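Where is empty space left in a protein, and what lines it? Please look at the sequence and the model below before reading on.

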Amino acid sequence: MSNDRIVESFARQTLTMTAAAVFNDRDVLDALAQASGQAPGRRCIDVGCGPGIVVERLARCGGEVVGIDATPEMVRQAQERCRQAGLAHARVNVASAETLPFPDRHFDAAVSRATLHHVQDPFAVVAEMARVVRPGGRLVLVDIVCSDEPAEGDLHNALEILRDPSHTRMLPRSEFLRLGQAQGLHPIETRQWVQHRELREWVRIVNAPQRQWPLGVLMSCLAQAGRHAGIALQCDHDTVTFDHHLWMVVLQRPDEAVP
Ligand SMILES: C[S@@+](CC[C@H](N)C(=O)[O-])C[C@H]1O[C@@H](n2cnc3c(N)ncnc32)[C@H](O)[C@@H]1O
């Protein structure tokens, strides 16, 4: 996925995502902030920070917070959000998740929500996040997962790509857990939220109304044929609903062995 497609898609979504209830869920934001360990005297990075909802929540814990995002419109929105909230200790800049412009071990924690399913190589992005976190520091990965049953997971991802062509791939739980294992990180907590979604609300976020009708036809047909895409896809009269499984995995970078 070229960054052009990311930037084009997310420039259009800046305001709709800012307003979307699913991105402002207090329970998720509070759990993420707590898992990060962010506090006065600590330094945290949010990778793919979008409109700055997570950055603001982390900055309210005190300490230094940095957000990075590939989409300049998102960065401007996040900067304005922090300015209006009077959070001068939060900084947001344009940067790529694949090459974070920070030295090794610079942060106490790195978090990322709803971004890994847009990158080409989530393992490379998690490796980069681990690089900038100090030994003993934390990574908090939050993303929607797909079914571990390959045909249902593929169907779910295909629907997501039709809704937003900047979507790359949601991972099944088993692969999501391997993101940290591949870096030698220790899992310390996992948590799941089931988010009940509705087609119109889901499409509204990407601000592309012309995609609603064809997706509605396709998803109703699938539901009627008993293909639930691993997300409990249902059609009741004109209303298409499904469940997203949002996962949070908290990982710790091991302390270095004393020579
Ligand atoms: C679905 S939004 C999530 C925003 C935010 N993390 C949140 O949960 O509120 C995904 C964000 O990731 C950014 N993004 C996607 N790929 C990226 C990359 N390779 N490097 C940096 N940002 C990226 C997009 O610009 C977009 O703002």
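The report below turns to the ligand, the pockets and the cavity.

## Basis of the model

This is a predicted model, in which local features need pLDDT of at least 70 and side-chain atom pairs count only at pLDDT 80 or more, while totals for chains, interfaces and linings use all residues. Residues are numbered from 1 along each chain as its sequence is written, and side-chain values use heavy atoms, with hydrogens and water left out.

## Around the ligand

The ligand is surrounded by 20 residues, of which G48, D69, T71, A97 and R113 come nearest (a residue is near if one of its heavy atoms lies within 4 Å). By class, this shell has 11 nonpolar, six polar and three charged residues, and helix α1, residues 3-19, gives the most to it, with three residues.

Several polar contacts (pairs of N or O atoms within 3.5 Å) can be listed. An oxygen atom of the ligand lies 2.6 Å from an N or O atom in the side chain of T71, a nitrogen atom of the ligand is 2.7 Å from a polar backbone atom of G48, and a polar side-chain atom of T115 is 3.4 Å from an oxygen atom of the ligand. Taken alone, the ligand exposes 600 Å², and the protein buries 98% of that (areas come from the Shrake-Rupley method with a 1.4 Å probe).

## The largest pocket

The space taken by the ligand is the largest pocket, where a pocket is an open set of points on a 1 Å grid over the protein atoms alone, with protein on both sides within 12 Å along at least five of seven lines, and lining residues have an atom within 4 Å of a point. About 690 Å³ of space lies in this pocket. Of the 45 residues that line the largest pocket, F10, R113, A114, T115 and H118 are the closest to its centre. Helix α1 gives the most to this lining, with five residues, and by class the lining has 23 nonpolar, 14 polar and eight charged residues.

## The second pocket and the cavity

The second largest pocket holds about 180 Å³ of space, and α9 (212-224) gives the most to its lining, with five residues. Among the residues that line this second pocket are W213, G216, V217 and S220.

The structure also holds one cavity of 30 Å³ or more, a cavity being a set of points where a 1.4 Å probe fits but cannot get out. About 40 Å³ of space lies in the largest cavity, and its lining includes H117, D143, R169 and F176.

Methods:
A polar contact is a pair of N or O atoms within 3.5 Å; within protein, one must be able to donate a hydrogen and the other to accept it, and residues adjacent in sequence count only if both atoms are side-chain atoms. A molecule sits in a cavity or pocket if more than half of its atoms lie within 2 Å of its grid points. Helices (H or I, at least four residues) and strands (E, at least two) are DSSP runs, numbered from the N terminus. Ala, Val, Leu, Ile, Met, Phe, Trp, Tyr, Cys and Pro count as nonpolar, Asp, Glu, Lys and Arg as charged, and the others, Gly among them, as polar. Grid points are joined across faces, edges and corners, and a volume is the space filled by probe spheres set on the points.
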